[in-house]
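Student: I'd like to practise reading side-chain features with you. Could we go through one structure together, starting with its cysteines?

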Amino acid sequence: MVIKCGTESEKEISFRCVQCGFSVTTLYIQYSPGNIRLMKCGNCKAVADEYIECELMILVIDLILHKIKAYRHLFYNRFSRETLHNEVLLWKLSLGFLILDAYQMLAVCTTQDERSLPASFASFLGLCGKVLMGVFFGNLVFLGIILFGTRKFLNAKIGDSRCKHILLSILVSSYFKIFVIAMMVWEFPSSVVFIIKMFVLSSNALALLVITDAVMIRCIWICFAAHAMKFLVTQGLGTYQKLVLW
């Protein structure tokens, strides 16, 4: 793993100690290829980022276990300024997020008869419209509440760069949605989707905590409100469309 740090051209980038969250200027000193010395944090005196020498799988396991130091490493020490301004990466993550969200909504907000092959092309278009509207408006409300709550209750300034950082953290911390792919292959009860939603909610709250350095309980409530309103919007749109079609 190679993480660039400590050069004069990168002084604007703020790295973080994964233990206490204190800002550090360098994470390691490289004497020769393969010979590095990890730097210690000036605040807690511990190694600033132990994940530099760890395998990727260890980081993935710690992310699943919701270890805050793994999130700090990911959002501050692994994601560079170029990553935050990489529009292509944001679009790819957003597209993958929306596709998984669409299938998740298809599994929860539709019946087994609706998910089977439609009897006509009109019913197929109706099902697609129902899912697309739910995904679009649901995520619009979800992101709006996240940004509003971050500014109002976490006292965080919301600029262009900050919005991208928050969006990236929410997209990446929703990695549990990838387990929805298993539902495309094997048959699972719809309750599994709600279990995935709970893991995504807790991961989003922890990511918001790391990004804003706020109080954990407020981050949980903001993410809970965002997910709850998203669910209500998608359910309400589904009910409305049924009434219109009826």
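Tutor: Happily! Let's begin with Cys 17: it has a relative accessible area of 0%, so this residue is buried. Keep in mind that this is a predicted model.

Student: How many disulfides does a search of the whole structure find?

Tutor: First the general idea: a disulfide is a covalent bond that joins the sulfur atoms of two cysteines. Here, the search of the whole structure comes back with 0 disulfides.

Student: Which cysteine sulfur is closest to that of Cys 17, and why is there no bond?

Tutor: The closest cysteine sulfur belongs to Cys 44, and at 3.7 Å it is too far for a bond. The cut-off to have in mind is 2.5 Å between the sulfur atoms. For another cysteine, take Cys 163: its relative accessibility is 24%, so it counts as partly exposed.

Student: Now the aromatic residues. How should I read a pair of rings?

Tutor: Two quantities describe a pair of aromatic rings: the distance of the centres and the angle of the planes. In this structure the count comes to 8 aromatic pairs. Take Phe 176 and Phe 199: their ring centres are 4.8 Å apart and their planes lie at 25°, so this pair is stacked. For that step, the cut-off is planes under 30 degrees apart.

Student: Where in the chain are Phe 176 and Phe 199?

Tutor: Phe 176 is in the loop between α7 (160-172) and α8, and Phe 199 is in helix α9; the two are 23 residues apart, and their pair links distant parts of the chain.

Student: Are these two rings' residues buried or partly exposed?

Tutor: Phe 176 has 5% relative accessibility, so it counts as buried, whereas Phe 199, at 39%, counts as partly exposed. Ring pairs also join both of them with Tyr 175 and Phe 179 into a cluster.

Student: Which residues lie over the face of a ring?

Tutor: Two cases to look at: Arg 16 lies over the face of Tyr 76, 4.3 Å from the ring centre, and Lys 177 lies over the face of Phe 97, 5.0 Å from the ring centre.

Student: And which residues form a nonpolar patch on the surface?

Tutor: Ile 178, Phe 179, Ile 181, Met 184, Val 185, Trp 186 and Phe 188 do, with about 730 Å² of accessible area together. Within this patch, look at Phe 188, in the loop between α8 (180-185) and α9 (191-212). Its relative accessibility is 35%, so Phe 188 counts as partly exposed.

Note on methods. Residues are numbered from 1 along each chain as its sequence is written. This is a predicted model: local features need pLDDT of at least 70, side-chain atom pairs count only at pLDDT 80 or more; totals for chains, interfaces and linings use all residues. Side-chain values use heavy atoms; hydrogens and water are left out. Patches are made of residues with over 30% relative accessible area and no salt bridge: like charges are joined within 9 Å, nonpolar side chains (Val, Leu, Ile, Met, Phe, Trp, Tyr) within 5 Å. Accessible areas come from the Shrake-Rupley method with a 1.4 Å probe; for residues, only the protein chains shown count as cover. A salt bridge is a side-chain nitrogen of Lys or Arg within 4 Å of a carboxyl oxygen of Asp or Glu. Helices (H or I, at least four residues) and strands (E, at least two) are DSSP runs, numbered from the N terminus. Buried means under 20% relative accessible area, exposed over 50%, partly exposed in between (1.4 Å probe, protein chains only). Rings of Phe, Tyr and Trp (its six-membered ring) pair if their centres lie within 6.5 Å; planes under 30 degrees apart count as stacked, over 60 as edge-to-face and the rest as tilted. A charge sits over a ring if NZ of Lys or CZ of Arg is within 6 Å of the ring centre and within 35 degrees of the ring normal.
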